Amino acid sequence: MIAAGRRRAYGAGDQAKGQALTEDEVLAEFRAADALLEGHFILSSGLRSPRYLQCARVLMSPARGGRLAEALAARLPAELRGQITAVVSPAMGGVIAGQEMARALGVDAMFLERPTGTFELRRGFRLEPGQRVLMMEDVVTTGLSSREAIAAIARAGGETVAAASLVDRSNGTADLGVPFFPLIRLDVPSYPADALPPELAAIPAVKPGSRAAA
């Protein structure tokens, strides 16, 4: 049952309002936002990659972010959508993605922060005991931050019934411990910093969102 006062967008038999997007259509949205980058990038995991989808840029446009979130919501099984009463995402990258996903599902959005190095709900956010939530990321690479976010949701009393992201960069290897629904899977090689191919090592490394080289 849905906790009193909690909203949801869909019942078990309802249809999502968003339209499905093909992989080419999703990539077209990223290209239109100049969010599909090529070069030498330092990922949040510390790995290096020659290609990067900058979700912050694709989410600059509320209309575009809304389209992507609605398309992702439409991919969730109807029975699962009917269980979700909140969307929780890790800051910073997941905040806007989580907000748009919550809007698409018609539920509340919250985000986790790490003021002392461990994810937690702050700013008055709270979950009811056993409240069923969707954990939403912008990008999943190794799945580590997602698993940490799911653990934080459990500590706060919630139950993560599924995880979702705009982009899965894990090449299908991320195990989050719950059903995982990405909008697009981007199979791009990634390498440890001490095992770069020569063509990548020749390019200065940049951390997306920063001008700092490494």
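## Exercises on a six-stranded sheet

The six strands of this open sheet follow the order β5-β4-β3-β6-β7-β8, and their pairing is mixed. Two strands pair if DSSP finds at least two bridges between them; helices (H or I, at least four residues) and strands (E, at least two) are DSSP runs, numbered from the N terminus. The model is predicted, so local features need pLDDT of at least 70 and side-chain atom pairs count only at pLDDT 80 or more, while totals for chains, interfaces and linings use all residues. Residues are numbered from 1 along each chain as its sequence is written, and side-chain values use heavy atoms, with hydrogens and water left out.

**Exercise 1.** Find which strands stand at the edges of the sheet.

*Solution.* Start with the partners: β5 (120-121) and β8 (180-185) each have a single partner strand. One side of each is therefore left without a neighbour in the sheet, and these two are the edges.

**Exercise 2.** Work out how β7 is joined to β6 and to β8.

*Solution.* Take β6 first: eight bridges join it to β7, and the two run parallel. One of the pairs to look up is valine 133 with its bridge partner in β7, threonine 160. Between these strands the chain passes through helix α6 (residues 144-155), giving a right-handed β-α-β crossover (with the strands pointing away from the viewer, the path from the first strand over the helix to the second runs clockwise). Now turn to β8: β7 pairs with it in the parallel sense over five bridges, and alanine 163 has phenylalanine 180 as its bridge partner there.

**Exercise 3.** Decide whether β7 is mostly covered or mostly open.

*Solution.* Apply the cut-offs: buried means under 20% relative accessible area, exposed over 50%, partly exposed in between (1.4 Å probe, protein chains only). Nine of the ten residues of β7 are buried, which leaves the strand mostly covered. For practice, try glutamine 54, in the loop between β2 (48-53) and α2 (55-58): its relative accessibility is 14%, so it counts as buried.

**Exercise 4.** Describe helix α3 and where it lies.

*Solution.* Begin with the span: α3 (residues 62-75) has 14 residues and reaches 20 Å from first C-alpha to last, close to the 20 Å expected (1.5 Å times one less than the number of residues). Next, place the helix: α3 lies across β6 (132-140), β7 (159-168) and β8, at about 130° to β8 (axes are lines fitted to C-alpha atoms, for helices over the stretch in contact, meaning heavy atoms within 4.5 Å; angles run from 0 to 180 degrees between N-to-C directions). Finally, list buried residues of α3, among them Leu68, Leu72 and Ala73.
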